[in-house]
Amino acid sequence: MSVKGQEFPAYDSRGIQGMGLAYATSNRGACHLRGYTVASEVLGIPVKTDPHVTEGKAGLVKAFQDATAVFDSSGCASSRPSRGRSPTSSRSCRPRARATGRWRSWRSVGERIWNLERQFNNAAGFTGKDDNLPPRLTTEPAKSGPAKGLVNGLDKMLPEYYELRGWSKDGVPTAATLSRLGLSA
């Protein structure tokens, strides 16, 4: 059970739909650290979302992935976005934010990082076909627990995710997206 060669962490994506999309689209495989939607879907941080529905999960995953990319690259990872904080809420980041004045555009920074990583992976041979989950999670319903009878709805979430990211139906950043972000093809 893996995505892009990385085994799954603790969460069954049949019961936490957003995590399934996050696992499938993570630039480093089935990783819960690159889009920890458990914060919203289970813990209610920053807002509670229903873990069993697919609606709205593409935007949720994108937001968590972009925020995590900023935190991980800034050296401010001690105040993770999954705790519902902004980049400037961390004591270690406030002076940096004031000094550089760059936190106003943190969302676009995260989006740029995510797209650069995607370009790297595309060049290394990963394609939209790799943005997938093992068939067991998309075809075999959970047998017990709160998600009993559910499968992961990746087929519903992935097209919306690609559209929100500004990627082609094959999961490739479009020329327009790369231009908007100041990146080259």
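A residue is buried when its relative accessible area is under 20%, exposed when it is over 50%, and partly exposed in between (1.4 Å probe, protein chains only). Residues are numbered from 1 along each chain as its sequence is written, and side-chain values use heavy atoms, with hydrogens and water left out. The model is predicted, so local features need pLDDT of at least 70 and side-chain atom pairs count only at pLDDT 80 or more, while totals for chains, interfaces and linings use all residues.

**Exercise 1. Describe the chain as a whole.**

Step 1: Start with burial. Of the 185 residues in the protein chain, 46% are buried.

Step 2: Look at the helices and strands, which are DSSP runs numbered from the N terminus (helices: H or I, at least four residues; strands: E, at least two). The protein chain has eight helices and two strands, and its pattern along the sequence is β-β-α-α-α-α-α-α-α-α.

Step 3: Turn to contacts, meaning heavy atoms within 4.5 Å. Among contacts with a separation of 6 or more, 58% join residues 24 or more positions apart.

**Exercise 2. Find what is special about Lys4 and Pro46.**

Step 1: Place Lys4 in the loop between strand 1 (2-3) and strand 2 (6-7). Its phi is near 55°, a positive value in a residue other than glycine.

Step 2: Move on to Pro46, in the loop between helix 2 (38-41) and helix 3. The peptide bond from Ile45 to Pro46 is cis, with omega near -5°.

**Exercise 3. Work out how helix 3 packs against helix 7.**

Step 1: Recall that two packed helices are described by the angle between their axes and the distance between the axes. Axes are lines fitted to C-alpha atoms, for helices over the stretch in contact, and angles run from 0 to 180 degrees between N-to-C directions.

Step 2: Read off the geometry. Helix 3 (residues 57-74) and helix 7 (residues 154-165) have axes 8 Å apart, at an angle of about 50°.

Step 3: Classify the angle: under 35 degrees is roughly parallel, over 145 roughly antiparallel, 65 to 115 roughly perpendicular, and the rest oblique. Helix 3 is therefore oblique to helix 7.

Step 4: List the partners. Lys57, Ala58, Gly59, Val61, Lys62, Gln65 and Asp66 of helix 3 touch Met157, Glu160, Tyr161, Leu164 and Arg165 of helix 7.

**Exercise 4. Compare this with the packing of helix 3 on helix 1 and on helix 5.**

Step 1: Take helix 1 (residues 17-25), whose axis is 9 Å from that of helix 3, at an angle of about 55°. This makes helix 1 oblique to helix 3.

Step 2: Take helix 5 (residues 106-123). Its axis comes within 8 Å of that of helix 3, and the two cross at roughly 90°, which means that helix 3 is roughly perpendicular to helix 5.

Step 3: Identify residues in the contact with helix 5. Helix 3 contributes residues including Ala67, Val70 and Ser73, and helix 5 contributes residues including Trp106, Ile113 and Trp114.

**Exercise 5. Is Thr25 buried or exposed, and which residues does Thr25 contact?**

Step 1: Locate Thr25 in helix 1.

Step 2: Apply the cut-off. Thr25 counts as buried because its relative accessibility is 0%.

Step 3: Leave aside neighbours within four places in sequence; Thr25 then contacts Lys4, Val61, Gln65, Trp114, Arg118, Asp131, Leu158 and Tyr161.

Step 4: Check a distance. Thr25 and Val3 are 22 residues apart in sequence, yet their C-alpha atoms are 8.9 Å apart in space.
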